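Reader: I would like the reasoning behind the labels, step by step. Where do we start?

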Amino acid sequence: MADLKDFAEQLVNLTVKEVNELAGILKEEYGIEPAAAAVAVAAGAVGGGEAVEEQSEFDVILKAAGASKLAVVKLVKELTGLGLKDAKELVDGAPKAVKEGIAKDEAEALKAQLEEAGAEVELK
């Protein structure tokens, strides 16, 4: 059983070049078509050690206005460039996105400002 686990781990950790070499060997020596072999090995690799991509864009979500709703409305108006009516509707409609697809630093700064004003905020 341990040998099979070691073998599975070796398959999952193959590079693209090694997968191509394995496909060639399977075709020449065993008559197995390379496409089928590549799919089988690739399917094993998908379940294995994938590199985790760091999130680069964030959405600032207003979850609740908190106790000082007026301060939050004014801040949302200032941060987004919306009119007073639109900013109030955004705050009243929480949970809602204040800004979407922004850099991590900017998102954290907006979150800090909104929390300082009394709002409940999350980053996604």
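Author: With a cut-off for angles. Angles over 145 degrees count as roughly antiparallel. The model here is predicted. In it, the axes of helix 4 and helix 6 (residues 104-116) cross at roughly 155 degrees. That value is over the cut-off, so helix 4 and helix 6 are roughly antiparallel to each other.

Reader: How near do the axes of helix 4 and helix 6 come, and what is the hand of the crossing?

Author: The axes come within 9 Å. Helix 4 passes helix 6 in a right-handed crossing.

Reader: Why are helix 4 and helix 5 called oblique to each other?

Author: The axes of helix 4 (residues 69-80) and helix 5 (residues 84-92) cross at roughly 120 degrees. Roughly perpendicular covers 65 to 115 degrees, and roughly antiparallel needs over 145. The angle fits neither class, nor the one under 35 degrees, and therefore helix 4 and helix 5 are oblique. Their axes come within 8 Å. The crossing of helix 4 and helix 5 is right-handed.

Reader: What makes Lys-69 and Asp-92 a salt bridge?

Author: The cut-off is 4 Å between a side-chain nitrogen of Lys or Arg and a carboxyl oxygen of Asp or Glu. For Lys-69 and Asp-92 the N to O distance is 2.5 Å, so the pair qualifies. Lys-69 lies in helix 4 and Asp-92 in helix 5, so the pair ties together parts that are 23 residues apart in sequence. Lys-69, Lys-88 and Asp-92 are linked in a network of salt bridges.

Reader: Why do such side chains pair at all?

Author: Side chains of opposite charge can pair when their charged atoms come close.

Reader: Are Lys-69 and Asp-92 buried, exposed or partly exposed, and how do you know that?

Author: Buried means under 20% relative accessible area, and exposed means over 50%. Lys-69 has 35%, so Lys-69 is partly exposed. Asp-92 has 39%, so Asp-92 is partly exposed as well.

Reader: How many salt bridges does the structure hold?

Author: Six. One of them joins the side chains of Glu-120 and Lys-63, at 3.7 Å from N to O. Glu-120 lies in strand 3 (residues 120-123) and Lys-63 in strand 1 (residues 58-64), so this pair ties together parts that are 57 residues apart in sequence. Glu-120 is partly exposed at 44%. Lys-63 is partly exposed at 36%.

Reader: How do you know that Lys-124 and Glu-122 form a salt bridge?

Author: Their closest N and O atoms are 3.9 Å apart, which is within the 4 Å cut-off, so the pair counts.

Reader: What is the exposure class of Lys-124, and what is that of Glu-122?

Author: Lys-124 has a relative accessible area of 52%, which is over 50%, so Lys-124 is exposed. Glu-122 has 26%, between the two limits, so Glu-122 is partly exposed.

Reader: What makes Ile-25 eligible for a nonpolar patch?

Author: A patch residue needs over 30% relative accessible area and no salt bridge. Ile-25 has 41%, so Ile-25 clears the area limit and is partly exposed. Ile-25 lies in helix 2 (residues 16-30). Ile-25, Tyr-30 and Ile-32 make a nonpolar surface patch of about 310 Å².

Reader: Where is Lys-96, and why is Lys-96 called partly exposed or otherwise?

Author: Lys-96 is in strand 2 (residues 96-102). Its relative accessibility is 41%, neither under 20% nor over 50%, so Lys-96 counts as partly exposed. Lys-96 and Leu-62 are 34 residues apart in sequence, yet 5.4 Å apart in space, C-alpha to C-alpha.

Notes
Residues are numbered from 1 along each chain as its sequence is written. This is a predicted model: local features need pLDDT of at least 70, side-chain atom pairs count only at pLDDT 80 or more; totals for chains, interfaces and linings use all residues. Side-chain values use heavy atoms; hydrogens and water are left out. Patches are made of residues with over 30% relative accessible area and no salt bridge: like charges are joined within 9 Å, nonpolar side chains (Val, Leu, Ile, Met, Phe, Trp, Tyr) within 5 Å. Accessible areas come from the Shrake-Rupley method with a 1.4 Å probe; for residues, only the protein chains shown count as cover. Helices (H or I, at least four residues) and strands (E, at least two) are DSSP runs, numbered from the N terminus. Buried means under 20% relative accessible area, exposed over 50%, partly exposed in between (1.4 Å probe, protein chains only). Axes are lines fitted to C-alpha atoms, for helices over the stretch in contact, and angles run from 0 to 180 degrees between N-to-C directions. A crossing is left-handed if the near helix is turned anticlockwise from the far one by less than a right angle, and right-handed if clockwise.
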